[in-house]
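I opened this model to look up its internal spaces, one residue in a helix, and some strand pairing. My entries follow in the order I made them.

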Amino acid sequence: MFLRELTQDVTILKGTGPSTIRALANLGIRTVADLLLHLPRDYEDRTQLVPISRFSEGKVYTAARVVSHDWFGFGRMRTLKIIIADESSEAALLCFNRPFLEQSAPVGATVQVYGKFQFKYGEIQSSSFEIKRIIGRLSPEAELSPIYPLTEKLNQAALRKLVSIALDKFASHLEDELPAKLREARGFLSKSEAIREIHFPSSLEHVERARTTLAYEELFYFQLGIALRVQSRRAKTIERGPCPGMLAARLRERLSYTLTADQVSVLAQIVEDMRKPYPMARLMQGDVGSGKTIVALLAALYAVERGGQAAIMAPTELLARQHATIAAHLVEPLGVRLAFVTGAVSSAVRPPLLAALRCGDIDIAIGTHALFSEDVAYKNLELVVIDEQQRFGVLQRIALYRKGRVPDFLMMTATPIPRSLALTFFGDLQVSTIEHLPPGRKPVVTHLAREDRRASVYDFARQRLAEGRQAYFVYPVISGSDKHDLRDAESMAAHLAKEVFSEYKVGLLHSRLSDETKMEVMARFASGELSILVATTVVEVGVDVPNATVMVVEHAERFGLSALHQLRGRIGRGAHQGYCFLVYSKELSEEGRDRLKALYTTNDGFAIAEEDLKIRGPGEMLGIEQSGDLRLAIADMRKDFELLKLARHDAFGIIESDPALATPGHAVIAQVLTRANPFSES
Ligand code: ADP
Ligand code: MG
């Protein structure tokens, strides 16, 4: 049977009393399969004797004689020191909190000692060691001993025993899940060998071989799930009307700039997809300010030209409004009919608006997720564009994707997807990248400022304001509270307006304001009436005010890396140099420092995304920790990239060349493993 079919309760194993059962449950272990998949985090290697003199090569494992007992320290701190000697050397064992060793390792006895030694204070010593009295000779052990993640009331020995019982009873019945051809071609172990070896390996090389086998298998099924989905999407044939691109060409003529080479080529990829007989699923990534909006708008015109509708969804009302304004200016003169759809649309306007969408009197609908609320229907929705996709919850995306017939699907993100995630979480999307920003952009200058240097940050901002520029001040929370002593947007807006920049007008923007107020504040800032905008991360995405050149982020260490990069992308969008100050508190965690350093050292969104992945891991980075996506038990997205590529290659290869190999059984496993993927269609 397959490993995951070992659903028997662990209680069937000998030696599982109620307290053990509870301890196992704490570790998430309920079934035999859970137990066998509870993998060691490390191993103890006693397969070779390592005498004291070779302590620098690893842990010492030797038989030694107890030479003498010493005591050092006073009173309760009094500590036993045991001097031992093997054939190679003498060493000291510092027995902190282990006075009882005086009895169990008396002078003259022979003991086996296992532990890490170092040279300190003129002697070879260890304070972390195992010691046991022995009679006769010491022989190396045949296998490494696993070190498992533990919990209270459960020790290594007990867990080892249980695993070993489970292995004896079940391992030999384990069937291989990987198709045999593949397993042989790639030289992987059988399932039962791999499971046995990862628990009780005979060498570290064997551990690696076993881990690679299991990790590959996991990645393979993950990829097979993706491959099957891609296949099923491609099996749908849609009739496409002709779209020569006349409308888009007319828009391009109307632009005040020419598209960059990257924009042109990404648009070409999108248009090519939109001519295929199956729906597009493409991710357009490009750093903040790289000009994704216009590409999406041009793509929408292709859909419109052949009589379809397009929907462009933004994560916030603010951003949706901005898109709508830009679009109105650009495409309405071409006779394209636009609609703005948000939750805030008044009840008087809503029925006619919905009717217009339903009967096809609207060509392009722009809005928030309200574009896909229950009562909204489209006559012929051909293209869905999702801007700043990382801001949408997984569920929203699912709901969206399931609505009506499957439209072409274009997602946009300024948080570049690290390569490993592009192949897993986003594995059934084609990816297009705008690598270069439009010409003439100056990279933002980033400074890290400790909070006690705040005054000079203010001075710097004042100079820029005096030159007619504008500034953002961003805070992590909206209002003050007893629960934290963070600077908050509300009080800081008042403070900056009264005490610091009294000669300038200061606006306040955060998510608790009504949508009208938000629009109004944003409009006043965009027009230059307000010089300073105090805000929370609502300004993180998309907002475009080219005259704003200063960004001050307080408590910067509390923001995610990608969020900071996004914030920074709000400035330096015009002709003037942009400056970003990341103000951090004196007590900064190591992780916080790494994060800020990454931002300081690079302006490259891709590098930042990779760093973010390293620091936070995929779940947190994508905001999917709870959803169960990407819960890879064995493979490590950060380490196993090559293996991932191999698994992807093999899985897609099977689907294409030898579908018989991907038996229904495999398809089921694949489906189970990728169940929670937001792009699954069923
Ligand atoms: P993002 O990719 O972050 O969504 P936008 O689409 O908002 O970026 O574009 C940022 C700014 O760059 C906008 O003001 C837009 O008009 C401008 N822009 C887009 N493409 C070009 C181009 N090829 N040359 C010059 N400016 C451009
Ligand atoms: Mg944008």
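Entry 1, the largest cavity. I began with the largest cavity, which has a volume of about 50 Å³. The model is a predicted one, and the volume is a computed value. In total I found four cavities of 30 Å³ or more in the structure.

I then listed what lines the largest cavity: Thr293, Ala296, Leu297, Ile312, His323, Ala327, Ile366 and Met412. Sorted by class, this lining has six nonpolar residues, two polar ones and no charged ones. I checked which helices take part, and helix 10 and helix 11 each supply at least two of the lining residues. Helix 10 has the largest share, with three residues.

Entry 2, the second largest cavity. I noted a volume of about 40 Å³ for the second largest cavity. Its lining is made up of Asp176, Glu177, Leu178, Arg183, Leu189, Ser190, Lys191, Thr213, Leu214 and Glu217. Here I counted five charged residues, three nonpolar and two polar. Helix 7, residues 204-235, gives the largest share of this lining, three residues.

Entry 3, the second largest pocket. I moved on to the open spaces and took the second largest pocket, with a volume of about 840 Å³. It is lined by 32 residues, and those closest to its centre are Tyr257, Gly291, Thr293, Asp544 and Arg573. I had already met Thr293 in the lining of the largest cavity.

By class, I recorded 13 nonpolar, 11 polar and eight charged residues in the pocket lining. Helix 10 (292-305) and helix 11 (317-331) each supply at least two of the residues. Helix 11 gives the most, six residues.

Where does the second largest pocket lie with respect to domain 3 and domain 4? I looked up the bounds: domain 3 covers 246-275 + 291-413, and domain 4 covers 445-602. Both domains give residues to the lining, so the pocket lies between them.

Entry 4, leucine 162. I picked leucine 162, which sits in helix 4, residues 156-170. Is leucine 162 buried or exposed? Its relative accessible area is 4%, and because the cut-off for buried is under 20%, I entered leucine 162 as buried.

I then asked what surrounds leucine 162. Leaving aside neighbours within four places in sequence, leucine 162 is in contact with Leu13, Lys14, Thr16, Thr20, Leu24 and Leu35. I also took one C-alpha separation: leucine 162 and glycine 15 are 147 residues apart along the chain, yet their C-alpha atoms are separated by 7.5 Å.

Entry 5, strand 2 and its partners. I followed strand 2 (residues 60-72) and found that it pairs with strand 5 (residues 110-120) in the antiparallel sense, over six bridges. Within that pairing, tyrosine 61 has tyrosine 114 of strand 5 as its bridge partner.

Strand 2 is also joined to strand 3 (residues 79-85), by seven bridges, and these two strands run antiparallel. In this pairing I noted arginine 65 opposite alanine 85 of strand 3.

How many residues lie between strand 2 and strand 3 in their hairpin? I counted six, and glycine 73 in the turn has a positive phi of about 80°. As a reminder to myself, side chains in a regular strand alternate between the two faces of the sheet.

Notes
Residues numbered from 1 in each chain as written. Chains lettered and ligands numbered in written order. Predicted model: local features only at pLDDT ≥ 70, side-chain atom pairs only at ≥ 80, totals over all residues. Heavy atoms only, no water. 1 Å grid on protein atoms, 1.4 Å probe; cavity = no way out; pocket = protein on both sides within 12 Å on 5 of 7 lines; lining within 4 Å. Points joined across faces, edges and corners; volume = space filled by probe spheres on them. Nonpolar A, V, L, I, M, F, W, Y, C, P; charged D, E, K, R; others polar. Domains from an automatic or database assignment. Buried < 20%, exposed > 50% of the residue type's maximum accessible area, 1.4 Å probe, protein only. Contact = heavy atoms within 4.5 Å. Pairing = 2+ DSSP bridges.
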